[in-house]
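Here is a short briefing to read with the model open beside you. Take a moment to look over the fold before going on to the notes.

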Amino acid sequence: MKNKWITFLTGRVLVKATGQGMERFINRLARSGLSIWSVKRNHEGTVFFYITWPDLHKLRHAARKADCSFYFIRGEGLPFLWKRTLKNSGFPIGILLFFVLILFLSNITWGIQINGADPETEHKIRKELSNLGIVKGSMHLFSDKPDKIQKKLTERIENITWIGVELRGTTYHFQVVQKTEPENIEEASPRHLVANKKAVIAKMFVEKGKALVKKDQFVEKGQILVSGEIGQEEKPMPIIAEGEVWGYTWYNTKVSFPLDTPLEVLSGKEMRKYFLNLGKLQLPVWGFAKIQFPKYETEIEDNDIFFLGKKLPIQYSKKTIREKEAIQRNLNKKEALEAAKELARRDLKMKIPPDASIDKEIILQDKVENGKVTLSINFQVLENIAIEKPIIQGD
């Protein structure tokens, strides 16, 4: 008996034979090397047998010299199955297109819901989402993941403390917690404004109280700048002193910066690969070229795929490979000095109030030793030096 799997792949035909001299003809076919099997005769004398599809033309040629009649009942195997599929291709193609369409529509954003935000903040959020490419009709696969969206919105919108981002099916849900401005509760106890450090007065804005210092005056830490006592000296009336007193203060910073620094930078060359993740199995979709970069860094972005609102166990992944190259940065003394100054400025800005500004820079010492520049620099800073101090009876 022929191997069923082999004949399924090559194709087989069931043949019906009738007429005289049939047995002799079939024996002649077998001796000639044609593959025939499952030969059976019914009670009417009709013979049925199988022949391989490639040998069908040989059977037709031999049948012309025989006294038998041959009829092809049916074809079986892969070639005939493929032919029938092509003949009726409309139905399977329609089913396939239907599922592809449903899969496509299931990964499009159809709704954006924002809860917990006032109308002004909601407008800002929707505007930022539009800048990020998240609008109705956009594809989830080409948008940032919820954690990245959350981070970007928190950084770009000032009046929100926290925002939760969740993708449920085809709808983004945003839960917003806005910043609540504390109410300015007027303190009942009178107070002075005093200096929180040594300074030279630069300018003053007194709303309530009596100024006890003037411009260009040097003041010590703890000295009263604006008095909370007004009126007659014999019977002063205590009030809450209000205002700002800006003065020049001084900070010293010492930093070092190397002249020669090995660095790894991105060259600007990159390549992308796309995959479908089925559990631990990763199927490449696009980007089959081998990585030619000797040094590189890889960024992987995974995106979930949904079908009718349900997350499928399939992920669409984008892998970005960026080339890195090692360089040696060589600076002269002037360049290293400027870099050290910038480093000192950044260090100073971490120490002073946000509303303070650098007024002057005075380099006390700079020297080059052991392959680096060492710098000592004094900064003159303009800042508000006034702080509150309660008025205690008997002071």
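The notes below cover backbone angles, two buried residues and one helix pair.

This is a predicted model, so it is worth keeping in mind that local features are reported where pLDDT is at least 70. Two residues other than glycine, Ser-38 and Asp-216, have a positive phi. Helices α6 and α7 pack at an angle of about 125°, and Val-165 is a buried residue that touches Ile-149, a member of the α6 and α7 contact.

**Positive phi outside glycine**

- Ser-38 is not a glycine, yet its phi is positive, at about 55°.
- You will find Ser-38 in strand β2, which covers residues 36–41.
- Ser-38 has a relative accessibility of 34%, so it counts as partly exposed, being between the 20% and 50% limits.
- Asp-216 also has a positive phi, near 70°.
- Asp-216 belongs to the loop that links β10 (210–211) to β11 (218–219).
- With 58% relative accessibility, Asp-216 counts as exposed, because exposed means over 50%.

**A buried loop residue**

- Thr-46 sits in the loop between β2 and β3, the latter being residues 47–52.
- The relative accessible area of Thr-46 is 7%, so this residue is buried, the limit being under 20%.
- Leaving out residues up to four places away in sequence, Thr-46 touches Lys-16, Ala-17, Thr-18, Lys-40 and Arg-41.

**Helix α6 against helix α7**

- Helix α6 spans residues 119–131 and helix α7 spans residues 146–156; their axes are 11 Å apart and the packing angle is about 125°.
- That angle makes α6 oblique to α7, because it falls between the perpendicular range of 65 to 115 degrees and the antiparallel range of over 145.
- The crossing of α6 past α7 is right-handed.
- On the α6 side the contact is made by Ile-125, Glu-128 and Leu-129, and on the α7 side by Ile-149, Leu-153 and Arg-156.
- By type, the residues of this contact are 4 nonpolar, no polar and 2 charged.

**Val-165 in strand β6**

- Strand β6, residues 160–168, holds Val-165.
- Val-165 has a relative accessible area of 16% and is therefore buried.
- Beyond its neighbours within four places in sequence, Val-165 is in contact with Pro-146, Ile-149, Gln-150, Tyr-172, His-173 and Phe-174.
- Between Val-165 and Ile-114 there are 9.5 Å from C-alpha to C-alpha, while in sequence the two are 51 residues apart.

Definitions and conventions: Residues are numbered from 1 along each chain as its sequence is written. This is a predicted model: local features need pLDDT of at least 70, side-chain atom pairs count only at pLDDT 80 or more; totals for chains, interfaces and linings use all residues. Side-chain values use heavy atoms; hydrogens and water are left out. Helices (H or I, at least four residues) and strands (E, at least two) are DSSP runs, numbered from the N terminus. Buried means under 20% relative accessible area, exposed over 50%, partly exposed in between (1.4 Å probe, protein chains only). Contact means heavy atoms within 4.5 Å. Axes are lines fitted to C-alpha atoms, for helices over the stretch in contact, and angles run from 0 to 180 degrees between N-to-C directions. Angles under 35 degrees count as roughly parallel, over 145 as roughly antiparallel, 65 to 115 as roughly perpendicular and the rest as oblique. A crossing is left-handed if the near helix is turned anticlockwise from the far one by less than a right angle, and right-handed if clockwise. Ala, Val, Leu, Ile, Met, Phe, Trp, Tyr, Cys and Pro count as nonpolar, Asp, Glu, Lys and Arg as charged, and the others, Gly among them, as polar.
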